[in-house]
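Could you take me around this structure, one selection at a time? I have it open in a viewer and would like to know what to click on next and what is there.

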Amino acid sequence: MSTTATAKPPVTQLNSEQINRYKRHLILPEVGMEGQKKLLNAKVLCIGAGGLGCPISLYLAAAGVGTIGLADVDVVSPSNLQRQILFGVSSIGEDKVHAAAKRLKDVNPDCNVIEHKTVVNSGNVMDLIRDYDIVIDGTDNFPTRYCVGDACVLQKKPNVYGSIFRFEGMVTVFAPHLKNPDTGEQGPCYRCLYPEPPDPGSVPSCAEGGVLGVLPGIIGTLQANEVLKLILGIGKPAIGRLVTFNALDMEFRNFKIRRDPTCPVCGTNPTITAPVDYEQFCGVPILDPKSLEETKQEVQNAKSGAKGESGRAAPDPSLDARGLPPGYQFKPDWEVTPREVKSKLDKGEKFVLIDCRLPNEYQITHIEGATLIPLQQIGQHFAQLKPHAGEEVIVHCRSGARSLQFTQLLRQQGFKNVKSMAGGILLWNKDVNPGGPQY
Ligand SMILES: [Zn+2]
């Protein structure tokens, strides 16, 4: 396996196989033989081999981009397959960069795929991007976006940026060293658009908020289009222009974005001249330990069919003696464990069990006998709940945060005996209903 982007001799002439493969390009005067050679000699780095990285790298490989670096530390998990079209069931558990490289080589043997199985951070980003002409940001977390954004400014590499959430996405090309083709002004960088990271936890991820499977296909393909234009030097790159797409309205919108002369990295007097600590800057880790654990679990379940040796699913062995995750800060005044709830149900004890999630979540997995009252609608249900104010009430949600809020609100309404189920139905499905859905 080659590990640098400089391993390939330049293509000076296309062989007959290549002429046949690329003839739809060669017949375009804007591409032609010279353009195809530019593509074959181009070196692009795609950071993230997920929803965006899949269509980006597939189309770039098919187009004949000669060197594609892929940086990702993840393995393929079953819930990736809803949108990450490089992968199939046979790649579950494999390193994404490796599974991707196999598929891309199959699409086009001309393409040299370089696997960077690594987290991109301030320690390695400068070396990582050095040998590439263009960097593509297909990541899903803020520390990496700032890290990639800064490094691209420092090394004068175009940063073809895309992001997606639920039904909406956006694309732009950050390149302060290049000019907005319409205005002739220098383009902005990522920090010009987002000077400050969002408050930790304030912006939900796709794992938390969901994403329509086709959306990364649309946004990633637009990013691939910008990459091809930059390599070929044709058309107008989206420098100084942010394009948003709404899948529900089928609407594209254009926004002018400008370089901030006081930007700490691309401004007139930069204060950031080397990568900084991006986890500290954003207040969140690059790798979310919860999602890492979830991936591990998903892969394990897929491999074993979620069954223990007895043929039945086994409780998660990492849980402690009370069925709580290691290190869980249990609040006895406010919480009960899923195991305690199960025992009450088994004994036929009389109590009110409330599920405070949304109906679509209830449909994924629920506990028999629970009454669905979404947290958002609690106000409309006080009257219905009031007669139970003297009874024992247990509230649960997905992972235990919303149910604590619900519990607080009920106590404010005079409910004396109300508690939240620790860890929510996800923990329930690990301990008392092992093998039950995790989402
Ligand atoms: Zn800037």
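Let's begin at a turn. Strands S5 and S6 form a hairpin with two residues between them, and Arg166 in that turn has a positive phi of about 55 degrees. Keep in mind as you look around that this is a predicted model.

**Stop 1: the hairpin turn**

Select Arg166, in the loop between S5 and S6. Its phi, near 55 degrees, is a positive value in a residue other than glycine. Is Arg166 buried or exposed? It lies in between: Arg166 has 15 C-beta neighbours inside 10 Å, so it counts as partly exposed.

**Stop 2: the strands on either side**

Now colour residues 159-165, which are S5, together with S6; the two strands run antiparallel and are joined by seven bridges. To see one of those bridges, pick Ile164 and look across to Gly169 in S6, its bridge partner.

Stay with S6, residues 168-174. Five of its seven residues are buried, so the strand is largely enclosed by the rest of the structure. Next add S7, residues 241-246, which pairs with S6 in the antiparallel sense over four bridges. Here Glu168 is a good residue to click on, as its bridge partner in S7 is Asn246.

**Stop 3: two loops further along**

Follow the chain out of S7 towards strand S8 (251-256) and stop at Met250 in the loop between them. Met250 is not a glycine, yet it has a positive phi of about 50 degrees. With 7 other C-beta atoms within 10 Å, Met250 is exposed.

Then select Pro181, in the loop between S6 and helix H8 (190-193). Pro181 has 14 other C-beta atoms within 10 Å and is partly exposed. Which residues does Pro181 contact, leaving aside its neighbours within four places in sequence? They are Lys236, Pro237 and Ile239. For a distance to check in the viewer, try Pro181 to Cys147: the two are 34 residues apart along the chain, and their C-alpha atoms are separated by 26 Å.

**Stop 4: a helix with two partners**

Time for some helix packing. Two packed helices are described by the angle between their axes and the distance between the axes.

Select helix H4 (residues 53-63) and helix H10 (residues 215-232), whose axes come within 7 Å and cross at roughly 40 degrees. The two helices are therefore oblique to each other, and H4 passes H10 in a right-handed crossing. Show side chains for the residues that meet: on the H4 side they include Cys54, Ile56, Tyr59 and Leu60, and on the H10 side Pro216, Gly220, Ala224 and Val227 are among them. By class, this contact has ten nonpolar, four polar and no charged residues.

Keep H4 selected and swap H10 for helix H5 (residues 96-107): H4 and H5 pack at an angle of about 30 degrees, with their axes 9 Å apart. That makes H4 roughly parallel to H5. This crossing, too, is right-handed. In H4, Ser57, Leu58, Ala61 and Ala62 meet Ala100, Leu104 and Val107 in H5. The classes here are six nonpolar, one polar and no charged residues.

**Stop 5: the parallel sheet**

Now move to an open sheet of five strands, with parallel pairing and the order S9-S13-S12-S10-S11. S9 (335-336) and S11 (371-372) stand at its edges with a single partner strand each, so one side of each is left without a neighbour in the sheet. Zoom in on S9 and S13 (residues 418-421), which run parallel and are joined by two bridges. Glu335 stands opposite Ser420 in S13.

Finally, add helix H16 (residues 401-412), which lies across S10 (352-355), S12 (393-396) and S13. Relative to S13, H16 runs at about 175 degrees.

**Last stop: zoom out**

Reset the view to take in the whole chain, with its 17 helices and 13 strands. The C-alpha trace spans about 80 × 55 × 40 Å along its principal axes. Of the 439 residues, 40% count as buried. Among contacts with a separation of 6 or more, 69% are between residues 24 or more positions apart.

Conventions: Residues numbered from 1 in each chain as written. Predicted model: local features only at pLDDT ≥ 70, side-chain atom pairs only at ≥ 80, totals over all residues. Pairing = 2+ DSSP bridges. Contact = placed C-beta atoms within 7 Å. Axes fitted to C-alpha atoms, helices over the stretch in contact; angles between N-to-C directions. Buried ≥ 20, exposed ≤ 12 C-beta atoms within 10 Å, placed from the backbone. Parallel < 35°, antiparallel > 145°, perpendicular 65-115°, else oblique. Left-handed = near helix turned anticlockwise from the far one by under 90°. Nonpolar A, V, L, I, M, F, W, Y, C, P; charged D, E, K, R; others polar.
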